[in-house]
Amino acid sequence: MNLIYSSNYVSARTFALAQELMPGDWKWIKDGRVVLECPRADVYKIRQWQANPQHDDIDAALERARTSRRLGSLVDFS
């Protein structure tokens with residue numbers, strides 16, 4: 001699974017299409033629960049990810065996943 005950390009769904013979808021990801025191969029990180037639901041997923045941070053309204057919750061979930069070794073690669077495209 002590929003998780004896209006962006007400010008909104010539209011920018012996540014645009015990134016997924018540009019990367020030729022198929023529907024079902026990616027999810028937008030709308031809150032911290034998405035990170036917990038997809039262990040060992042690859043995370044892509046794209047431009048303006050800090051504008052996500054839940055970014056504090058998401059950052060905490062990413063840190064918990066990283067420390068428990070349940071996070072795939074983290075790629076920063078910003």
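A salt bridge here is a side-chain nitrogen of Lys or Arg within 4 Å of a carboxyl oxygen of Asp or Glu. The model is predicted, so local features need pLDDT of at least 70 and side-chain atom pairs count only at pLDDT 80 or more, while totals for chains, interfaces and linings use all residues. Residues are numbered from 1 along each chain as its sequence is written, and side-chain values use heavy atoms, with hydrogens and water left out.

Q: Why is the contact between R66 and E63 called a salt bridge?
A: The closest N and O atoms of R66 and E63 are 2.5 Å apart, and the cut-off is 4 Å, so the pair qualifies. Both residues lie in helix α3 (residues 55-67), three residues apart, about one turn of the helix. Helices here are DSSP runs of H or I with at least four residues, strands are runs of E with at least two, and both are numbered from the N terminus.

Q: What makes R66 partly exposed?
A: Buried means under 20% relative accessible area, exposed over 50%, and partly exposed in between (1.4 Å probe, protein chains only). R66 has 49%, so it is partly exposed. Its partner E63, with 38%, is partly exposed too.

Q: How do you know that D31 is buried or exposed?
A: Happily, the value settles it: D31 has 13% relative accessibility and therefore counts as buried. The side chain of D31 meets that of R33 in a salt bridge, at 3.0 Å from N to O. R33, in turn, is exposed, with a relative accessible area of 54%.

Q: Why is the pairing of E37 and K27 a salt bridge?
A: The N to O distance is 3.9 Å, and the rule asks for within 4 Å, so the pair counts. E37 lies in helix α2 (residues 32-37) and K27 in strand β2 (residues 26-28), so the pair ties together parts that are ten residues apart in sequence. E37 is exposed at 51%, whereas K27, at 32%, is partly exposed. By this rule the count comes to three salt bridges.

Q: What pattern does the chain follow along the sequence?
A: The chain reads β-α-β-α-β-α-β, with three helices and four strands.

Q: Why is the chain called as compact as a globular protein of that length?
A: The radius of gyration is taken over C-alpha atoms, and the globule rule is 2.2 Å times the number of residues to the power 0.38. The chain has 11 Å, close to the 12 Å that the rule gives for 78 residues, so the description fits.
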